[in-house]
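Hi,

Here is the structure I said I would pass on. Have a look at it first, and then read my notes underneath.

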Amino acid sequence: MLSLKKIVLVGHFGVGKSSLIRRFVKNSFSDDYLVTVGVHIVKKTVQINNDEITLIIWDIEGKEDMQKLRPSFLLGTSGFIYVFDATRESTYINLSDEINYIETHYPKINLLTVANKIDLIEKNTFIKIAENNKLKIDYFSSAKTGENVELIFNDLAKNLIK
Amino acid sequence: MITEFLKEKYINSKCQIIVIGHDGRITETDNYLFETNKGTQISNLHPFFETINHLLPDKNKEHVFHCVNLEINGVKGNYNIVFFSGSDALNPYLIFYDFTENCDYLQTIVQRRNDSIIALETQLLKEKQHISEKKFKNKFLANISHDLKTPLGAVLGFLEILDKTPLNNEQKDLINTIRKSGNHIKSLIDDLLDLSKIEAGELKINYNTFSVYDLINHIQKIYTPILASKNLLFNPVIQQNIPPFLVCDKTRILQIFINLLDNAFKFTNEGSVSLNITSKTINENSVEFNFSITDTGIGFPDAKQNSINSFTKFHQTDIEGSGLGLSIVTKLVENMNGKMQILSGVKQGTCVQVSIPMQTANGIVENPSINQKIPLTETCLQILIADDNEVNITLIKKMLKEYPNLTIETAKNGVEVLEIVKQKYFDLILMDIEMPEMNGFEASRKIKTHPNPTISNIPIIAITANAAEIEKYTLAGISGYVSKPFLKQDLLIAIEKIFVENLRKMNI
Ligand SMILES: Nc1nc2c(ncn2[C@@H]2O[C@H](COP(=O)(O)OP(=O)(O)O)[C@@H](O)[C@H]2O)c(=O)[nH]1
Ligand SMILES: [Mg+2]
């Protein structure tokens, strides 16, 4: 069975949304930061058991506040990946509020939270920070090393066809 | 007609309309912005249109997508896209408004803004991490030092008790060795505590007046036993015109000297250790206090030459046993706004140069109104200075040199004092208390109880570091005292007091 799912990466600017997508789709990475203006859309098909799922991935510009997102960007979305930067407190300080907002306004949409740039910080150090801030984190990732990137998209795809 | 022309030129060229069938195939396109063909399935143009296909079944809906980046048949652009899902009367359509230029402009602005925010946040994070690492390290050091000190205290304490039990010579020797090692550990722990305090910014520099000459005396006393055991030369040289009193943290200055000299003595087996103290005037009230310690020892390995920074961490130098002394000195000098330089080479000896800005206490000493009050110039007086230390004698002589009417004699200990007073008349004795052979207290007692009244009536001013014993001195008949370190004015006032009192007595 072939199915098509739209997923959107959300989170502050500079957390690595575009980089995660680039790593997943093109298996490449760049240290240069190029601001995303508007939205870029790419697709990649993944194989989950016997099913093929084409993910239409929306890479939108970073926003500090979910409420400020253009609603059309979220139209028809099946899954969210909420990305924050493990090295920048400002990108996760409001994480629980943001997640609450998503869960109340888009209750049917799958959501994963990802702490990215984990290559830049000692994992145990960050786990402590996460505990102190009561952060709900589903995955640690690094677009730079590729750590967990494939896994995140695959797991989301699995959730989408359940 | 002109409006048609302008619309064509400015609006149509920024806009493209594509009409599609309910199956998502293109039925009409004006190709103003990018080339597409009739019959093409739009989802083949770009993944964006997959989402559009999804929305087709839901009729009579209009959606606007802002700022969508598309690359269609080689043309890149950023478009606002209006999508209508079609009705019974109307086919679905898409209208593309070209915002590429705006977006490119926006891109540069947002890029600059985001870059600077990220840079700032990263910087803050680094600082925060640095501070918390430092805190952790210092707390850890402080804790471990305390934990080590308690059992070490017990070891050293019981060692003392053991030492008092009947022991043969061999056992006594062993105890001495253990004691030495124990004390060594203790001083290392103290250093660690000190260093963690300095690093944590808890160390305060307590400014007080100190005498450069006293400092050197003290240092000489400390190193006398080492000099005897090592057969080394130690030559402290103090520049003639150095202000005798300076304002700085006496204890910490001494610590700097001891740490540096400890190293110099430790790593020098033959030759000499020299200490040179000079000063350079900065302005009326302040000088640069400079000193250098030069040894003929084994020196530092090349790599560490001249580099102070290598000592600022908890690094030891490559020389085993050099301890934390140098790190502490570096930090202390830094805290006193001073500078330090090390010149060294393997087997070439080491020269450590330190320079610390200090206030002089001279301003007060040379205050003429105070000098005027003291009429020492009017009478001829014979004064005996008793001090075992040359440097002290020089200092007092210097303080009194403005009074040519004063005749000064010196004695090195109590025995000499008693000899001299029998042969000559004196108006005053300035008596250092700590002296070899016979100390100042004992000598004073002997003078005051002397059967010859010419001798027993000589006023004595005690010069002492131990102000707590003054009462004892007074009972022994001493007329006054100055406590170390003292200013010129202290000395003059003490002398004046005695003569004023004598005059009063004579009037009666
Ligand atoms: N070290 C490291 N840098 C990353 C990682 N992900 C992204 N970056 C860098 O972070 C910056 C912002 O990444 P980007 O993907 O543009 O963030 P976006 O604004 O969320 O799309 C870029 O300079 C990337 O090179 C990562 O996992 N590790
Ligand atoms: Mg981006």
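**Where chain A meets chain B**

Going by the rule, three salt bridges cross the interface of chain A and chain B. One of them joins Arg88(A) to Glu121(B), and the closest N and O atoms of that pair sit 2.7 Å apart. Do keep in mind that this is a predicted model.

Polar contacts turn up too: the rule picks out 13 residue pairs across the interface, both residues being at pLDDT 80 or more.

So which parts of chain A face chain B? Four elements each give two or more residues to that side: strands S1 (2–10), S2 (39–48) and S3 (51–60), plus helix H2 (71–74), of chain A. S2(A) supplies the largest share, with five residues. Sorted by class, this side of chain A holds 13 nonpolar, six polar and six charged residues.

S2(A) also pairs with a strand from the other chain, namely S3 (residues 62–72) of chain B. The two run in the parallel sense, and the pairing spans two bridges. If you want a place to zoom in, try Val39(A), whose bridge partner in S3(B) is Val68(B).

As for the overall extent, chain A puts 25 residues into the contact and chain B puts in 28. Between them the two chains bury about 2,300 Å², and carbon and sulfur atoms account for 62% of that.

Cheers

Methods: Residues are numbered from 1 along each chain as its sequence is written. Chains are lettered from A and ligands numbered from 1 in the order in which they are written. This is a predicted model: local features need pLDDT of at least 70, side-chain atom pairs count only at pLDDT 80 or more; totals for chains, interfaces and linings use all residues. Side-chain values use heavy atoms; hydrogens and water are left out. Contact means heavy atoms within 4.5 Å. Buried area is the accessible area (1.4 Å probe) that two parts lose on being put together, summed over both. A salt bridge is a side-chain nitrogen of Lys or Arg within 4 Å of a carboxyl oxygen of Asp or Glu. A polar contact is a pair of N or O atoms within 3.5 Å; within protein, one must be able to donate a hydrogen and the other to accept it, and residues adjacent in sequence count only if both atoms are side-chain atoms. Ala, Val, Leu, Ile, Met, Phe, Trp, Tyr, Cys and Pro count as nonpolar, Asp, Glu, Lys and Arg as charged, and the others, Gly among them, as polar. Two strands pair if DSSP finds at least two bridges between them.
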